[in-house]
Amino acid sequence: MDDHFHRFNSMIKAWGRKDIDGVLALMTDDIVWHFAAAIAPPVVGKAKVRKFLEGFAPQIAELRWRIFHHAESGDRLFFEGVDEYIGTDGKRIATPYASVVEFRDGLICGWRDYFDGGLLEKLKAGEPLPPYVEALIARPSESA
């Protein structure tokens, strides 16, 4: 039990070090990552995930990505978390989200993140987190 969670948490730790090779080592070659499901098209394949991460990593000064609760069913991991980081521009981005991650042979082959794109855009524009979001993300986490 929780094998998928532990593997995914290893990926969070690798990303926290900006270890893109470490992140990719935990994915299948044909990974389909919906980094913003229902907002943007997915990134498909390790090469495109690498390109995405190489473009995103330089924007992050400090990572605080956390998972609050998770459940596993077969080859699927479901979780609720917050993708929080301080950008190199000094802005704090903290987006609560839910995800579904699929595994094949112990590697991530599918990943869908669901979050409020409007909140993300407000934070990127420099607006502060609303107090109700601060309370939501202040909970204890299970990860990293």
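Is Trp-33 buried or exposed, and what is its relative accessible area? In this predicted model, Trp-33 has a relative accessible area of 7%, so it is buried, the cut-off being under 20%.

## Aromatic pairs

Trp-33 pairs with Phe-35, which is partly exposed at 24% relative accessibility. The two ring centres are 5.9 Å apart and the planes lie at 70°, so the pair is edge-to-face, a class that requires over 60 degrees.

The count of aromatic pairs comes to twelve. One of them joins Phe-8 and Trp-111 edge-to-face, at 5.1 Å centre to centre and 85° between the planes. Phe-8 belongs to helix α1 and Trp-111 to strand β7, so this pair links parts of the chain 103 residues apart. Both residues are buried. A single aromatic cluster includes Phe-8, Trp-33, Phe-35, Phe-52, Phe-56, Tyr-85 and Trp-111.

Separately, Arg-139 lies over the face of Phe-68, 4.3 Å from the ring centre.

## Helix α1

The 14 residues of α1 should span 20 Å at 1.5 Å a residue, and the end C-alpha atoms are 20 Å apart, which agrees. Among the buried residues of α1 are His-4, Phe-5, Phe-8, Met-11, Ile-12 and Trp-15. After α1 comes Lys-18, with a positive phi near 60°.

## Largest pocket

The volume of the largest pocket is about 670 Å³. Its lining has 29 residues, and Phe-52, Phe-56, Asp-83, Tyr-85 and Leu-120 lie nearest the centre. Elements giving two or more residues to this lining include α1, α3, β5 and β7. Helix α4 provides the largest share, four residues. By class, 18 lining residues are nonpolar, five polar and six charged.

Key. Residues numbered from 1 in each chain as written. Predicted model: local features only at pLDDT ≥ 70, side-chain atom pairs only at ≥ 80, totals over all residues. Heavy atoms only, no water. 1 Å grid on protein atoms, 1.4 Å probe; cavity = no way out; pocket = protein on both sides within 12 Å on 5 of 7 lines; lining within 4 Å. Points joined across faces, edges and corners; volume = space filled by probe spheres on them. Nonpolar A, V, L, I, M, F, W, Y, C, P; charged D, E, K, R; others polar. Expected span 1.5 Å × (residues − 1). Buried < 20%, exposed > 50% of the residue type's maximum accessible area, 1.4 Å probe, protein only. Phe/Tyr/Trp six-rings, centres within 6.5 Å; stacked < 30°, edge-to-face > 60°. Lys NZ or Arg CZ within 6 Å of the ring centre and 35° of its normal.
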